[in-house]
Amino acid sequence: MIRYSLIFLVVFQFGFAATTKDTIPNTSKFSKFLYVFDEDDDCDACGCSASGGSMGFASMLNSNFVGIRYFNQSYKSSDGLYSNSPWYDENFNTIQVWARIPIVKKLQISALIPYHFHSRQTETGNQSITGVGDATVLAMYQLYQTHKDSTVFVHTLQVGGGLKIPLGKFDEANNGSVNPSYQVGTGSWDYLLASEYIIKRKRFGLNTMLNYVIKTENQKNYRFGNQFNYASTLFWLYKTSKYSIVPQIGFAGEVFENNYQHSQRVRGTSGDIFMSKIGFEIGKDKLSFGANVMLPINQNLTGGNVEANYRWSLNFNYAL
């Protein structure tokens with residue numbers, strides 16, 4: 001299913017190249033903040049999914065901003081030892097300070113610092129962990145953009161890389177849990193490769209994000225598996241003299257490789273998930289608010305012993 005979705009996406013995006021001039025002017029006084037849609041802005045290609053990984057690294061409305069984002073992930077897990085083994089609820093919560101800052105023309109930096117507070121049910125009662133998570137810094141460079149005065153469809157491509165800094169605590173005691181991601185940090189320096197592509201026509205557009213995380217071994221001799229994330233979002237801009245709103249719909253997915261401990265593969269730690277997503281962002285003056293919901297369509301996490309229920313997020317940003 002994931003394979004066919006990606007093939008469809010590539011055909012859809014590259015099948016619309018044209019050479020007719022788009023003559024619709026952009027006259028909204030908020031257009032300087034609407035970088036995804038403003039055809040006079042050099043920085044108009046950015047992620048519009050929602051949390052590092054498949055949830056994205058940037059706002060839909062503000063090209064340069066500082067803000068706060070909250071997201072919740074709901075799971076259930078079972079040890080799978082018996083056919084009637086009980087399932088337990090897990091809730092991952094994150095408050096994240098994030099920003100996107102221009103450095104030079106065509107180069108922008110995104111930075112994210114999270115604080116996690118997770119909880120779960122176990123056979124012996126409820127457990128919880130809290131703490132600062134791993135920070136992420138990502139640089140994106142605009143590699144290509146169609147000349148705006150010569151096409152009906154505007155194409156923009158950004159590529160970049162980044163670093164995940166191990167500020168969060170890695171608790172070795174949680175390694176044996178069914179869900180190995182029940183941590184506030186990985187304890188490792190990880191490396192990110194990212195790309196973002198956007199095609200737009202007047203008020204409509206399609207944004208695609210791909211990134212790959214290369215993970216290293218931490219000081220406890222544990223290495224989480226490398227991770228591939230992808231997302232594609234169809235969006236539409238509605239704007240008035242007082243506010244702008246961007247409804248969006250799409251899909252996102254994640255593919256996890258196996259974890260390793262003392263250089264030995266940890267069985268049952270690989271997996272993948274494919275999700276639908278729907279959301280919006282609304283902006284007024286320099287302020288914007290956004291919300292996203294993601295629901296699983298197909299998943300195979302840790303050999304079927306972990307199941308995702310849903311994800312949702314809220315963000316509140318101030319344009320710089």
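Colleague: Before we get to Glu 254 and Arg 311, what counts as a salt bridge here?

Modeller: A salt bridge is a side-chain nitrogen of Lys or Arg within 4 Å of a carboxyl oxygen of Asp or Glu. Bear in mind that this is a predicted model. For Glu 254 and Arg 311, the closest N and O atoms are 2.8 Å apart. That is within the cut-off, so the pair forms a salt bridge.

Colleague: Which strands hold Glu 254 and Arg 311, and how many residues apart in sequence are the parts they tie together?

Modeller: Glu 254 belongs to strand S12 (residues 244–256), and Arg 311 to strand S17. Their pairing therefore ties together parts of the chain with a sequence separation of 57 residues.

Colleague: Is Arg 311 buried or exposed?

Modeller: Buried means under 20% relative accessible area. Arg 311 has 5% relative accessibility, and its partner Glu 254 also has a relative accessible area of 5%. Arg 311 therefore counts as buried.

Colleague: How many salt bridges turn up in a search of the whole structure?

Modeller: One of them joins Lys 76 and Glu 307, at 3.6 Å from N to O. That one links distant parts of the chain, with Lys 76 in strand S1 (residues 65–77) and Glu 307 in strand S17 (residues 306–319), 231 residues apart. For the whole structure, the search gives 4.

Colleague: And how does Lys 76 count in terms of accessibility?

Modeller: The class between buried and exposed runs from 20% to 50%. Glu 307, at 29%, falls in that class. Lys 76 has 27% relative accessibility, so Lys 76 counts as partly exposed.

Colleague: Which residues are joined into one network by salt bridges that share partners?

Modeller: Start with Lys 164 and Asp 134, whose side chains meet at 2.7 Å, N to O. Lys 164 is in strand S6 (residues 154–165), while Asp 134 sits in the loop between strand S4 (125–132) and strand S5 (135–145). Both Lys 164 and Asp 134 are buried. With shared partners counted, the network consists of Asp 134, Lys 164 and Asp 190.

Colleague: Now the nonpolar side: how many residues has the largest nonpolar core?

Modeller: Tyr 75, Ile 273, Leu 301 and Ala 308 have the most contacts inside it. Strand S15 (271–284), strand S16 (287–301) and S17 each supply at least two of its residues. The core's residue count is 14.

Colleague: Which residues of the Glu 254 salt bridge does Ile 273 touch?

Modeller: Leaving out residues up to four places away in sequence, Ile 273 has contacts including Leu 301 and Ala 308. Its list also holds both salt-bridge partners: Glu 254 and Arg 311.

Technical notes:
Residues are numbered from 1 along each chain as its sequence is written. This is a predicted model: local features need pLDDT of at least 70, side-chain atom pairs count only at pLDDT 80 or more; totals for chains, interfaces and linings use all residues. Side-chain values use heavy atoms; hydrogens and water are left out. Helices (H or I, at least four residues) and strands (E, at least two) are DSSP runs, numbered from the N terminus. Buried means under 20% relative accessible area, exposed over 50%, partly exposed in between (1.4 Å probe, protein chains only). A nonpolar core is a set of buried Ala, Val, Leu, Ile, Met, Phe, Trp, Tyr and Cys residues joined through side-chain atoms within 4.5 Å. Contact means heavy atoms within 4.5 Å.
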